[in-house]
Amino acid sequence: MNPQRRLTGLCARRLFAAGLFVLAAAGPAAAEVPYTATLTVAAGEDGVEKRIRDIAQTLLRQKDPPESRAALARRVADDRRGITDTLRALGYFDSRVESGIDRNASPTAVSITVDPGPLYLVRDVAVAVPTGAPPLPADFPAIETFGVALGDPVRSADILAAEGHVLARLREAGRPLARRVDRRIVVDHALRAATVTWIVDPGPAARFGETRIEGLVDAREPMVRRRLRWQAGEAYDSRKVDATRKALAGSGLFSSVRIAAADRVDPDGTVPMTVTLVEGERRSVGGGLRYSTSTGFGTELFWEHRDLFGNGDRVRLSGTFAEQELGATATYRRPYFLADEQDLVASLTLADEKPPAYDNRFLRIHGGIERRFPPHWTAGAGLQYERMEVTAQRRTNRYHLVGAPVFLRRDTSDDLLNPTSGYRTTLSATPYFGVEDGALGVLKLRIDQTAYWRLDEEGSWVLAAGASLGSLLGAGRGEVPAPQRFYAGGGGSVRGFGFQMAGPVDAAGDPLGGKSLLTGGAELRIKVTETIGVVPFLEAGTVTDSTLPGFGDRLFVGAGIGLRYYTSFGPVRLDLATPLNRRDGVDDLVQVYISLGQAF
């Protein structure tokens, strides 16, 4: 046979065989394997079963069946390993995880049985220093104070957190180069316990050295240096570094702030510092919408210019356009005025507001000082002048008032618009004096308190509570201008009642206001998904004509349910509420509130 023909025939046969293989591989897709899955967990600590359900893909992906029985078996096997690792991380080092697949069931039935076993406890905990490294500071705290103590469960999260606390404490104590060399966890199954040892190199003691500023384009270096919380030659303290980062980020001038110590300590015992900044936009515009049944729709717009004169100051022009309010405000804030952590604040407001209680056309001029006392305290004092034309109870009066507002605030909450822990306390007092209105003299006092508690580790369940108490001294209700009286009701007070309506009203149903205020409420913030939450709430309050509320005064009570949509800039709030002791002909059955941020 011709060799060329033999070769051609051989190639043809091989190509034909390959074609059959390709056709076979491209045949009908393997059928999916639908299944049901059950989990059984023996006795263990609260939350163990939830942690397992959160990571078990066999349970989570029942609506996403695998493409073959082998793939289902792999999914179950992966879960056995994942559940075992999760239990070890929680302190269960002798667990049993078993699984079964019943292929005769329709659909296929998968069962996972978990016995966490005994919880292992910390038998010993220590921090050791490697040979040749500097010793720990003489005043270094006992290791038990960092979150892992004898008798505690051997939990990975607690051990890692304690390790972070150890290194943070060293960096606060002048050791910028502190680092972990090793972490040793030795498990004794006979004793059902473990010893935890961190091998830590504290690094040499150091002082702040030369600071280099990088990345500036328009911002001035003296403005940045004034925000440094350390002085060259001071003992290194990471808390001062964190405070500087916060001060620079809070200026609104920089989109990125990075502060780093050098990876060496110079022979003179100092560590050079580098502050790297990325400048943000100097000007911004923004706005927001709000709605409530009693006040209608409203919008707020603003324009802001930062660092106008090169010292980090801000000018902000804002306008309010609503069914019951039309106004404009210009605000100027100069930080570091005469002292660190002290701001000069000035504002001018022109507005025409028409809430249910009164109509008020006014001019307000305010100037004051605000001073921060880190990390939680802020105080302020100022002077203001108000010229008002007020119509209330079918009478029109003109007022010229001089006030001297002061306040003291403590804020330990973890977020401005969506707090999940901490509390806020604000004490305020404002004496008012009439300029062209006789001898009017009034002192307005108020205290506001809110608190927030996480009910789970993730912050998906948060209990929030708030209360306010106010009092007017020096004049009767009729002598006090209506805008300076106390009112309750609305989206920021007693929800369920209209704005200013949770209090006494006149014959026409218009709010009278009062000389004293007492409100309180609580809500449970439940995050259903990462972006959706529901909030049941109950609030109550009263406004009276006496200096302080009494036990016999009528209490206005409202309840409702809210929906939250969580965004990167804060939650969007939709609340529906009803008064539980509604007055016929005065209060509506339902109030609706829409705004940005939580109610308090």
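The legends below describe an overall view and several close-up views of a predicted model.

**Figure 1. Overall dimensions and composition of the predicted protein model.** The protein comprises seven helices and 26 strands. Along the principal axes, its C-alpha atoms occupy a box of roughly 125 × 70 × 70 Å. The radius of gyration of the protein is 33 Å, whereas a compact globule of 600 residues would have a value near 25 Å. Buried positions make up 38% of the 600 residues. Among contacts with a separation of 6 or more, 57% join residues 24 or more positions apart. The accessible surface amounts to about 31,700 Å², and carbon and sulfur atoms contribute 56% of that area.

**Figure 2. Close-up of the second largest pocket.** This pocket encloses about 410 Å³ of space. Its lining is formed by 17 residues, of which D46, G47, R51, L90 and E457 are the closest to the pocket centre. Two or more lining residues come from each of the elements α2 (48-55) and α5 (156-172). The greatest contribution is that of α2, which supplies four residues. By class, the lining of the second largest pocket contains ten charged, six nonpolar and one polar residue.

**Figure 3. Close-up of the largest cavity.** Rolling a probe the size of a water molecule over the atoms reveals where empty space remains. In the protein, one cavity of 30 Å³ or more is counted. The largest cavity holds about 30 Å³ of space. Its lining consists of L401, Y432, L440, V442, L472, V480, P481 and Q484. Seven of these lining residues are nonpolar and one is polar, while none is charged.

**Figure 4. Close-up of A205 and its surroundings.** A205 is located in the loop that runs between β6 (193-201) and β7 (207-214). The relative accessible area of A205 is 54%, and the residue therefore counts as exposed, the cut-off for this class being over 50%. Apart from neighbours within four places in sequence, the residues in contact with A205 are G174, R175, V265 and G269. L177 is separated from A205 by 28 residues in sequence, and the C-alpha atoms of the two residues lie 8.7 Å apart in space.

Notes:
Residues numbered from 1 in each chain as written. Predicted model: local features only at pLDDT ≥ 70, side-chain atom pairs only at ≥ 80, totals over all residues. Heavy atoms only, no water. 1 Å grid on protein atoms, 1.4 Å probe; cavity = no way out; pocket = protein on both sides within 12 Å on 5 of 7 lines; lining within 4 Å. Points joined across faces, edges and corners; volume = space filled by probe spheres on them. Nonpolar A, V, L, I, M, F, W, Y, C, P; charged D, E, K, R; others polar. Rg over C-alpha atoms; globule rule 2.2 N^0.38 Å. Buried < 20%, exposed > 50% of the residue type's maximum accessible area, 1.4 Å probe, protein only. Contact = heavy atoms within 4.5 Å. Areas by Shrake-Rupley, 256 points an atom, 1.4 Å probe, with all protein chains shown as cover.
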